[in-house]
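Subject: Structure handover and what was found in it

Dear colleague,

I am passing on the structure that I have been going through, together with notes on what came out of it. Please open it beside this message, so that you can find each residue as it is named.

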Amino acid sequence: HHSNNECTEYPTEIEIPELNAMRQAHSIIIVSEMANAVNKHKLGLEQFGFPTRINLEIGNYFTAADYVHALRMRTRAYQIFHDIFSKVDVIITPSTAITAPSFPKKYESCGYSDLSTVIEIMRYAFPANLIGIPAISIPVGYDRKGLPIGMQIMTRHFKEDVLLGFSMLLEQTLSLHTPAQYVDILHA
């Protein structure tokens, strides 16, 4: 955290206003652009899995006015985060609001979509995508079931050096054990 060129070594709690409006804008922009790309290239919905088809259908219902309002909210989000980053160097959040959810076996062949789960997975990750700020997720531990927990670090535009330096410091500070159930996919 910094202010008036004075460094402090303790975390500061911040409040980010209008997050729900930003979340809505993010969703409108993404699904509208997905639907537009599919329609533009005349791709048939049968080429996509069930969850993607649902999102594409939703995207077709948004109007140009919805899209313009979402873009205005994105511009507002730029300003909100710019103001916050004038007071702090990084924002730290969980990477996701839940650990990895289980996938119901009965849907393996046809696909599965649970919007409430998707929202919880994306709860903290969307600002970086919405306004294009640098962000990284690093592993910081495991839940009681041995599922990984991540910490997300975000910083202002063009400050990747701060992001990577802070991440490296945290990784050197943390000592993570390998969970009981572990598959090394890189060396399997």
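A residue counts as buried when its relative accessible area is under 20%, as exposed when that area is over 50%, and as partly exposed in between. Please also keep in mind that this is a predicted model.

With that cut-off, Phe85 counts as buried because its relative accessibility is 2%, and Phe81, with a relative accessible area of 2%, is buried too. A search of the whole structure finds one aromatic pair, and this pair is formed by Phe81 and Phe85, whose rings are tilted, with 6.3 Å from centre to centre and 40 degrees between the planes.

Phe81 and Phe85 also appear in the largest nonpolar core, which has 20 residues, and they are among those with the most contacts inside this core, a group that also includes Ile16, Met22 and Leu130. Helix 1, helix 3 (64-84) and helix 5 (126-131) each supply at least two residues of the core, and the largest share, six residues, comes from helix 3.

Next come the charged side chains. How many salt bridges does a search of the whole structure find? The search finds three. In one of them the side chains of Arg76 and Glu18 meet, at 2.5 Å from N to O; Arg76 lies in helix 3 and Glu18 in the loop between strand 2 and helix 1, so this pair ties together parts that are 58 residues apart in sequence. Arg76 is partly exposed, with a relative accessible area of 40%, and Glu18 is likewise partly exposed, at 33%.

Another salt bridge joins Arg156 with Asp89, where the closest N and O atoms are 3.8 Å apart. This pair links distant parts of the chain, since Arg156 lies in the loop between strand 5 and helix 6 and Asp89 in the loop between helix 3 and strand 3 (90-94), 67 residues apart. The relative accessible area is 24% for Arg156, which is therefore partly exposed, and 28% for Asp89, which is partly exposed as well. There is also a salt bridge between the side chains of Arg123 and Glu120, at 2.6 Å from N to O.

Glu18 deserves a second look for its backbone, as it has a positive phi of about 65 degrees although it is not a glycine. Lys42, which lies in the loop between helix 1 and helix 2 (50-61), is not a glycine either and has a positive phi of about 50 degrees; with a relative accessible area of 73%, Lys42 is exposed.

Turning to the strands, strand 4 (residues 135-142) and strand 5 (residues 148-155) pair in the antiparallel sense over seven bridges, and Pro139 stands opposite Gly150 in strand 5. The two strands form a hairpin with five residues between them, and in its turn Gly146 has a positive phi of about 90 degrees.

Finally, on the surface, Leu115, Val118, Ile119 and Met122 make a nonpolar patch of about 330 Å². Val118 lies in helix 4 (residues 115-122) and, at 41% relative accessibility, counts as partly exposed.

With best wishes

Conventions:
Residues are numbered from 1 along each chain as its sequence is written. This is a predicted model: local features need pLDDT of at least 70, side-chain atom pairs count only at pLDDT 80 or more; totals for chains, interfaces and linings use all residues. Side-chain values use heavy atoms; hydrogens and water are left out. Two strands pair if DSSP finds at least two bridges between them. Helices (H or I, at least four residues) and strands (E, at least two) are DSSP runs, numbered from the N terminus. Buried means under 20% relative accessible area, exposed over 50%, partly exposed in between (1.4 Å probe, protein chains only). Rings of Phe, Tyr and Trp (its six-membered ring) pair if their centres lie within 6.5 Å; planes under 30 degrees apart count as stacked, over 60 as edge-to-face and the rest as tilted. Patches are made of residues with over 30% relative accessible area and no salt bridge: like charges are joined within 9 Å, nonpolar side chains (Val, Leu, Ile, Met, Phe, Trp, Tyr) within 5 Å. Accessible areas come from the Shrake-Rupley method with a 1.4 Å probe; for residues, only the protein chains shown count as cover. A salt bridge is a side-chain nitrogen of Lys or Arg within 4 Å of a carboxyl oxygen of Asp or Glu. A nonpolar core is a set of buried Ala, Val, Leu, Ile, Met, Phe, Trp, Tyr and Cys residues joined through side-chain atoms within 4.5 Å.
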